[in-house]
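Visitor: I would like a walk through this structure, by way of pockets, strands and cores. Please keep it brisk.

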Amino acid sequence: MSKVVVFDHPLIQHKLSIMRDKRTGVKEFRELLEEIAMLMVYEVTRDLETCEVEVETPICKAKCRRLAGHKLAVVPILRAGLGMVDGVLNLVPAAKVGHIGLYRDPETLEPVEYYCKLPADSTERDILVVDPMLATGGSASAAIQFIKNRGCSRIRLINLIAAPEGVERMQKDHPDVDIYIAALDEHLNEHGYIVPGLGDAGDRLFGTK
């Protein structure tokens, strides 16, 4: 079973409380999303492998640590996931960026991929799938399956807010994918929105309705 990590860092919780407020405008919402994504990725990448290197400082030679092993790719689920990308790149500027877009078929209600563009060497990278909300889990599960279908195996999911229903769906469909969230909320309402949540993340990020 995949692990679920809930970040209770005071800065993350403070910023998330402002994002939840319906009075928070687009500009501030966008900035906070990027900042929280950066803080979360700082923790998500805590277990990255390092290797010893020798560098010459202005004083003398020194043994230091640098990243080793697998490189990273960040894959936002369109469209709200775009708001988290810069937060990741602020910390890991060498990470490559893919994109995946889904829509729900009105007849079957199943997620349908309409766009998926991954880095050419994505099978050699650790993939961070980002999306602010994990509601039913349907879109996240489908996105990760589409990524797996392209040969990727080292995948992690990063969300700001999750509903228990979404976490359960993800653990059932992808027990090998760890989930990192800033808050585990109460439940989904009859319209599929997370309660208390923060509304539609995409609309609040881009100023649409």
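What follows is a set of questions and answers on a predicted model.

Visitor: How much space lies in the largest pocket, and which residues lie nearest its centre?

Guide: The volume is about 750 Å³. The lining takes in 27 residues. Those nearest the centre are Asp131, Met133, Ala135, Ser139 and Asp200.

Visitor: Which elements give two or more residues to the lining of the largest pocket?

Guide: Both strands and helices do so. The strands are E6 (99–104), E7 (111–117) and E9 (133–134). The helices are H4 and H6 (201–206).

Visitor: How does the lining of the largest pocket divide by class?

Guide: Charged residues number 4. Polar residues number 8. The nonpolar count is 15.

Visitor: What about the second largest pocket: how much space, and which residues are closest to its centre?

Guide: The space comes to about 430 Å³. The lining has 20 residues. The closest to the centre are Leu48, Leu67, His70, Leu72 and Val92.

Visitor: Which elements give two or more residues to the lining of the second largest pocket, and how many of its lining residues are charged?

Guide: Strand E4 (71–76) and strand E8 (125–130) are the elements. By class, the lining has 10 nonpolar and 3 polar residues. The charged count is 7.

Visitor: How many cavities of 30 Å³ or more are there, and what lines the largest?

Guide: The count is 1. The space in the largest cavity is about 30 Å³. Its lining has 4 nonpolar, 1 polar and 2 charged residues. They are Val44, Thr45, Leu48, Leu72, Asp126, Leu128 and Arg156.

Visitor: Is aspartate 126 buried or exposed?

Guide: Aspartate 126 sits in strand E8. It touches Leu48, His70, Lys71, Leu72, Ala73 and Arg154, leaving out residues up to four places away in sequence. Its relative accessibility is 12%, and the cut-off is under 20%, so aspartate 126 counts as buried.

Visitor: Where is serine 153, and is it buried or partly exposed?

Guide: Serine 153 lies in the loop between helix H4 (138–149) and strand E10 (155–162). Its C-alpha atom is 8.9 Å from that of arginine 125, 28 residues apart along the chain. The relative accessible area is 48%, between the 20% and 50% limits, so serine 153 is partly exposed.

Visitor: In which sense do E2 and E3 pair, and what stands opposite cysteine 51?

Guide: Strand E2 covers residues 50–56 and strand E3 covers residues 61–67. They form a hairpin with 4 residues between them. The pairing has 7 bridges and is antiparallel. Opposite cysteine 51, in E3, stands arginine 66.

Visitor: Which strands run parallel to E11, and which residues are the bridge partners there?

Guide: E10 is joined to E11 by 6 bridges, in parallel. Strand E1 (residues 4–6) is joined to E11 by 3 bridges, also in parallel. The partner of arginine 156 in E11 is aspartate 178. The partner of valine 6 in E11 is isoleucine 181.

Visitor: How many residues of E11 are buried?

Guide: E11 is mostly covered. Of its 7 residues, the buried ones number 5.

Visitor: How many residues has the largest nonpolar core, and which element gives the most to it?

Guide: In soluble globular proteins, nonpolar side chains tend to be buried together. Here the largest nonpolar core has 35 residues, and Leu16, Met19, Met40, Ile158, Leu160, Ile161 and Leu198 have the most contacts inside it. Elements supplying at least two residues include helix H1 (10–20), strand E11 (178–184) and H6. The most, 8 residues, come from H2.

Visitor: Which residues does leucine 198 touch?

Guide: Residues up to four places away in sequence are not counted. Leucine 198 is among the core residues with the most contacts inside the core. It touches Leu16, Met19, Arg20, Phe29, Met133, Ile161 and Arg204.

Visitor: Where are the cis peptide bonds at arginine 79 and proline 196?

Guide: Arginine 79 is in the loop between E4 and helix H3 (82–91). Proline 196 is in the loop between strand E13 (194–195) and H6. One cis bond, with omega near 5°, runs from leucine 78 to arginine 79. Another, with omega near 0°, runs from valine 195 to proline 196.

Definitions and conventions:
Residues are numbered from 1 along each chain as its sequence is written. This is a predicted model: local features need pLDDT of at least 70, side-chain atom pairs count only at pLDDT 80 or more; totals for chains, interfaces and linings use all residues. Side-chain values use heavy atoms; hydrogens and water are left out. On a 1 Å grid over the protein atoms alone, a cavity is a set of points where a 1.4 Å probe fits but cannot get out, and a pocket is an open set with protein on both sides within 12 Å along at least five of seven lines; lining residues have an atom within 4 Å of a point. Grid points are joined across faces, edges and corners, and a volume is the space filled by probe spheres set on the points. Ala, Val, Leu, Ile, Met, Phe, Trp, Tyr, Cys and Pro count as nonpolar, Asp, Glu, Lys and Arg as charged, and the others, Gly among them, as polar. Two strands pair if DSSP finds at least two bridges between them. Buried means under 20% relative accessible area, exposed over 50%, partly exposed in between (1.4 Å probe, protein chains only). Contact means heavy atoms within 4.5 Å. A nonpolar core is a set of buried Ala, Val, Leu, Ile, Met, Phe, Trp, Tyr and Cys residues joined through side-chain atoms within 4.5 Å.
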